[in-house]
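Reader: I should like to learn how the fold, the contact between chains and the nonpolar core of a model may be read. Could you take me through them in turn?

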Amino acid sequence: MKNKTQIMIQMGPGGVGKTTISAAFGFYWAAMGKKVLVMTIDPSKRLAQALGIEGQKGVVKVDYKGSLKGELFAMILNHEEIFDSFVLKAAQKNSVAQKLFENKLYKALKTKLQGSQDFTALIELYRKAESQEYDIIILDTPPAEHAWQFLDAPLRIVTLFQDKVAKWFRWMGGDTTSIWSQVVNVGAKQVFKVMELLTGSEFVKQIADFFKAIHLFQDQLRDQVKKSHELLKSKETEFTLITTQDELKIRESLEYVQEMKEKGYQLKRVILNRAWPENKVTDLRLEKFKSDQKKQILHLIDLLSANQKSSLDLMKRWPQDVKVLKVYDTLKSSHDLERLKQMSEDMMRAFT
Amino acid sequence: MTRQIKGPLKEIHFVTGKGGVGKSTYAVLLAARFAKQNRQTLLVEIGDRSFYSSLFEKPIKYKPTSIVDNLEVAHWSAHECLKSYVMSLVKVQAVYKLFFENPISQSLIQVAPALSELAVIGQITSSPRQHGPHGNHEVLVVDAYATGHFLNLVRSPSAMAETIPIGPMHDQSAQMDEVLRNSEMCHCHIVTAAEELVLTESLELLQTLEKELSWRPDFILNRYLETFLNSQDLNHQDQFLLQALHNKLLQQELAVKILSENQKQLIKVPLIKKLQTFQDMYELI
């Protein structure tokens, strides 16, 4: 029997290079002889092309010309498809699923509801881990306003469908006269009125239909999210937080580290991407430059370093027990897969 | 056919860009410029958390706070926008409280696609639509969401109008969309950085906005390094700092090249040392 699949979750604020780092991690483990799957949300066009997953459905083997001891696979998460296939499986009867698929609210919800991407990423991760096909799965989490949305959102979707609320909407979808007889709470009547005033009766009807359809498998939904959360807290799962030296992003990351600790997730390391070198200006050897060039170089470095100072000060507040790895943006190769490989080697050096 | 715009509001400026490129700072610069032209300006941030509270060193809330002559700042979270809109509709405090403290409404707000986005756009466009609570400003500068979320924001009225074919929600959404499409009223500024990923994403956003809303956004390259050096001068260095500087310049050159290939007009905002406080920003303009 195979070992249990190791799971690595890559989190962090938007625009810090999460996807690139995830791919580099993939290279790292594949070079170490593992069978690795990188699951990504929306890679840049260039990265998707480099990995060979642009416009592809499902898992693709990365065609790397150099040598890798193991194997590297990648996939782009298609949220609509994952959501639909989940509904189909959970609904058991095709007709029930079909009814839901036709609901306008469902169509909008499965892609636009805050956290629906986190939800689909989580169920797909669970599915792939369950299959035990890979030694390691690396998940690049969806971009979000708050990095920890990934951990909260699926659970929030479940509470959304909690019985009390769903029941109320279902009543509304049924016989309207019976609502008033069934709902003892006078307040509910008022709430309903405001809702209609705000959105119109057509909209309220759509919502009621939606809840009626989704009610049939809310148990499975809850069950699935519960199991996935157990997976996230298991010892096979580790988290990496990725950030850049930008002051705002570090501030956000600090809050995030706190949040993860409180919630009991295993934060293994923090990666500071595109880090600015700490080398001293006084150590620079600039003999070969003309004097105006020399002056200009010093001016630019001073400007860029000053920009980093406040964030470096912030970094001092970082918890001691979380290891920080710096990834410098000093790669030379222009070929994308080669760059990733180089980056993974840089990271490997930092690991050891 | 464009409806006549009513109310005092003449211009809405949306500032967007990928997270961390400095869009909030650019929004401040923009708002400060309008204020100095003696136009009643409101600078608005719309995320869940307030960045301007720390910049202006005072709590920035839903109700505008005065900063300098002609400049006020407000923080319009989706929740606050929805609250004030519902309040303006029902007018009875008790009913409105009942609505918001009810788990059913809480679910409705979460489940209804784009309802929070719609509430924000509704608030932003309330003056020209003469519907819902609005102030007396001439210019609104909105420090808006980052790229992807921003698209959801400006798409929300047309999406809602399509989803719901009739009723008050449909009508209001259609009117919001009309305001957004008014090119005299709405202006967009995409702040970007000299990094390939950020730049490509910004260009995609630009093209989408041109296509879907017929907008002609400004393109701003922030933290631009003004120098006569080019990356080649610093290439093949065994020194870490020089290599890092080389990479910065290389990225910047690449960015300028990509932009000129796409024939995009570019506003360059130079990187300067002292741009930390509001006073620095106000004096710069």
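Author: The following exchange treats chain B, its contact with chain A and the nonpolar cores. Please note that this is a predicted model.

Reader: What radius of gyration does chain B have, and how does that relate to a compact globule?

Author: One compares the value with that of a compact globule having the given number of residues. For 285 residues such a globule would have a radius of gyration near 19 Å, so the 21 Å of chain B agrees. The C-alpha trace of chain B spans about 70 × 40 × 40 Å along its principal axes, and chain B contains 12 helices and 8 strands.

Reader: Which residues form the contact between the chains, and what is their character?

Author: Chain B and chain A contribute 51 residues each. On the chain B side, the helices that supply at least two residues each include H3 (78-90), H8 (147-163) and H11 (240-261). That side of chain B divides into 28 nonpolar, 18 polar and 5 charged residues.

Reader: Which residues touch the most other members of the largest nonpolar core?

Author: In soluble globular proteins, nonpolar side chains tend to be buried together. Here the largest nonpolar core has 152 residues, and those touching the most other members are A:Val36, A:Ile137, B:Ala31, B:Val141 and B:Val142. Helix H1 (residues 18-31) of chain A gives this core its largest share, 9 residues. A second, separate core of 9 residues includes B:Leu241 and B:Leu245.

Reader: With which residues is B:Val141 in contact, leaving aside neighbours within four places in sequence?

Author: Among them are B:His13, B:Ala31, B:Phe34 and B:Val44.

How values were computed. Residues are numbered from 1 along each chain as its sequence is written. Chains are lettered from A and ligands numbered from 1 in the order in which they are written. This is a predicted model: local features need pLDDT of at least 70, side-chain atom pairs count only at pLDDT 80 or more; totals for chains, interfaces and linings use all residues. Helices (H or I, at least four residues) and strands (E, at least two) are DSSP runs, numbered from the N terminus. The radius of gyration is taken over C-alpha atoms; the globule rule is 2.2 Å times the number of residues to the power 0.38. Two residues are in contact if their C-beta atoms, placed from the backbone, lie within 7 Å. Ala, Val, Leu, Ile, Met, Phe, Trp, Tyr, Cys and Pro count as nonpolar, Asp, Glu, Lys and Arg as charged, and the others, Gly among them, as polar. A nonpolar core is a set of buried Ala, Val, Leu, Ile, Met, Phe, Trp, Tyr and Cys residues joined through C-beta atoms within 7 Å. A residue is buried if 20 or more other C-beta atoms lie within 10 Å of its own, exposed if 12 or fewer, and partly exposed in between; C-beta atoms are placed from the backbone.
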